[in-house]
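Please read through the structure below with the two protein chains and the two DNA strands in view. The paragraphs that follow take the DNA surfaces, the relation between the copies and a small sheet in turn.

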Protein chains: 2
Amino acid sequence: MDKLFTQHALERLASLLRNECRQLLLEDGLQPVQFEVLHYLSICNRYSDTPMAVTEYLGQTKGTVSQTLKVLEKKGLIEKVADTKDKRVSHMKLTINGRHLIEKVTPFPNLEIALTQLDQKQQANLSQSVVELLAALQFANGFRSFGQCRQCRHNIHLKGDQFLCGLTHESLRIDETTLICREHEL
Amino acid sequence: MDKLFTQHALERLASLLRNECRQLLLEDGLQPVQFEVLHYLSICNRYSDTPMAVTEYLGQTKGTVSQTLKVLEKKGLIEKVADTKDKRVSHMKLTINGRHLIEKVTPFPNLEIALTQLDQKQQANLSQSVVELLAALQFANGFRSFGQCRQCRHNIHLKGDQFLCGLTHESLRIDETTLICREHEL
DNA sequence: CTATTTAGTATCGAGTCAATACCAAATAGG
DNA sequence: CCTATTTGGTATTGACTCGATACTAAATAG
């Protein structure tokens with residue numbers, strides 16, 4: 001079966017990536033999951049930076065995620081901001097230090113090297129394949145798709161730089177439309 | 001940068017796979033890493049089933065791997081067999097129960113669904129892309145390539161079903177040549 | 001024949017993660 | 001309008017991960 005072979009390669013890939021992440025963050029005292037959360041928070045939009053959104057994104061329990069966020073907050077990498085409308089929800093914003101850390105460790109050196117060793121066509125193929133599989137896997141998991149705001153069915157392009165979210169009926173700045181949204185649907 | 005986008009997709013993919021693995025093994029009380037080791041041991045050849053080989057494969061420390069193996073042994077999924085020539089090394093063989101467990105959980109249901117949702121060409125692309133990236137990443141990590149014996153430069157095809165390893169000067173059964181070898185080199 | 005290397009184990013501490021239990025705010029329904 | 005349920009989030013506990021360190025025994029080098 002070729003599928004089993006692909007699965008094995010994917011598992012191994014996942015394992016190597018996780019290891020590279022771990023070693024990279026060792027001096028900062030961060031764990032792979034913590035980095036994942038930080039990274040997610042750095043590329044998601046204002047509807048998607050709540051503890052519950054992170055929970056859905058990671059596919060873990062909210063209790064687990066709550067702990068991870070607590071650690072990141074204690075390290076001064078993120079800040080909790082209360083929601084103005086719903087007093088239950090809070091938004092997790094990256095601090096300056098959080099942004100610095102992300103910039104410092106991305107892209108992963110070895111992954112970067114590996115990617116540059118592929119030619120242009122291989123890179124394009126890889127990128128496309130991974131995105132396709134990711135979409136299929138998220139769907140199979142019953143997860144939200146967590147795609148870019150710009151590519152969402154709720155996104156309405158008024159004219160020029162003016163965009164609107166059909167779900168929240170709020171207007172979007174153009175730079176917000178490239179962020180990841182938990183309400184994303186194709 | 002498109003590379004950053006690819007890295008993010010890969011990270012997320014790794015994360016989702018790990019979660020599926022975890023949930024799948026929850027009732028068996030196994031952790032993702034433990035499954036990874038078990039899976040590796042089920043597809044590696046007789047030169048590559050030692051604790052040190054697993055250590056190189058996972059890219060962790062030997063102490064960490066030693067613990068993982070101890071757990072698997074205590075659960076009756078693998079057995080330690082002493083090497084006949086080198087009294088320091090031991091070989092970890094899967095028990096019947098170990099094989100049963102592997103068969104029970106592979107392939108991962110959601111990954112399987114996701115893969116079948118891709119068409120033939122997408123699947124082929126994915127498989128190829130992942131293998132290419134894996135090779136590049138292993139190289140960038142300074143890791144051994146852990147490829148199939150059959151595709152190794154040391155593998156000598158005598159005639160018909162007769163193969164020889166040019167490194168160990170031992171003859172190989174034909175079914176052994178499809179296993180993964182730690183000494184693999186292209 | 002000693003010195004170094006290699007294979008492997010044991011122990012410790014910080015951290016992951018699910019499960020459970022809990023609280024407060026928002027929403028639903030008569 | 002007022003209670004019941006749902007939703008967002010925190011706290012605690014226990015089994016497990018993982019690197020660091022320290023250790024033993026066997027093999028190899030010089």
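How many nonpolar, polar and charged residues does the surface near DNA strand C have? In this predicted model, that surface has 14 polar residues, 7 charged ones and 6 nonpolar ones. There are 27 residues around DNA strand C, and those that come nearest are V33(A), Q60(A) and G63(A) from one chain and M52(B) and G63(B) from the other. Both chains also appear when the surface is sorted by element: α2 (32–43) and α4 (62–74) of chain A, and α3 (51–58) and α4 (62–74) of chain B, each give two or more residues. Of the elements, α4(B) gives the most, with 6 residues.

DNA strand D can be read in the same order. Around this strand there are 27 residues, of which M52(A), G63(A), V33(B), Q60(B) and G63(B) come nearest. Two or more residues each come from α3 (51–58) and α4 of chain A, and from α2 (32–43) and α4 of chain B. The largest share of this surface is that of α4(A), at 6 residues. By class, the surface near DNA strand D divides into 14 polar, 7 charged and 6 nonpolar residues.

The next topic is the relation between the protein chains. In general, a rotation about an axis and a shift along it relate two copies of a chain. Here, chain B is superposed on chain A by a rotation of 180° with 0.0 Å of shift along the axis, at an RMSD of 0.0 Å. The two copies are therefore related as by a two-fold rotation axis. Which residue of chain B comes closest to the rotation axis? That residue is A14(B), whose C-alpha lies at 2.2 Å from the axis. As for the contact between the copies, 100% of the interface residues of chain B are also interface residues in chain A, so the copies meet through the same surface.

Chain A also holds an open sheet of 3 strands, in the order β4-β5-β6, with antiparallel pairing. Its edge strands are β4 (155–159) and β6 (171–172) of chain A, each of which pairs on one side only. Between β4(A) and β5 (residues 162–165) of chain A, the antiparallel pairing runs over 4 bridges. One residue pair can be picked out for inspection: I156(A) has L164(A), in β5(A), as its bridge partner.

Technical notes. Residues are numbered from 1 along each chain as its sequence is written. Chains are lettered from A and ligands numbered from 1 in the order in which they are written. This is a predicted model: local features need pLDDT of at least 70, side-chain atom pairs count only at pLDDT 80 or more; totals for chains, interfaces and linings use all residues. Copies are superposed by least squares on the C-alpha atoms of residues with pLDDT of at least 70 in both. Two residues are in contact if their C-beta atoms, placed from the backbone, lie within 7 Å. A residue is near a molecule or strand if its C-beta atom, placed from the backbone, lies within 6 Å of it. Ala, Val, Leu, Ile, Met, Phe, Trp, Tyr, Cys and Pro count as nonpolar, Asp, Glu, Lys and Arg as charged, and the others, Gly among them, as polar. Two strands pair if DSSP finds at least two bridges between them.
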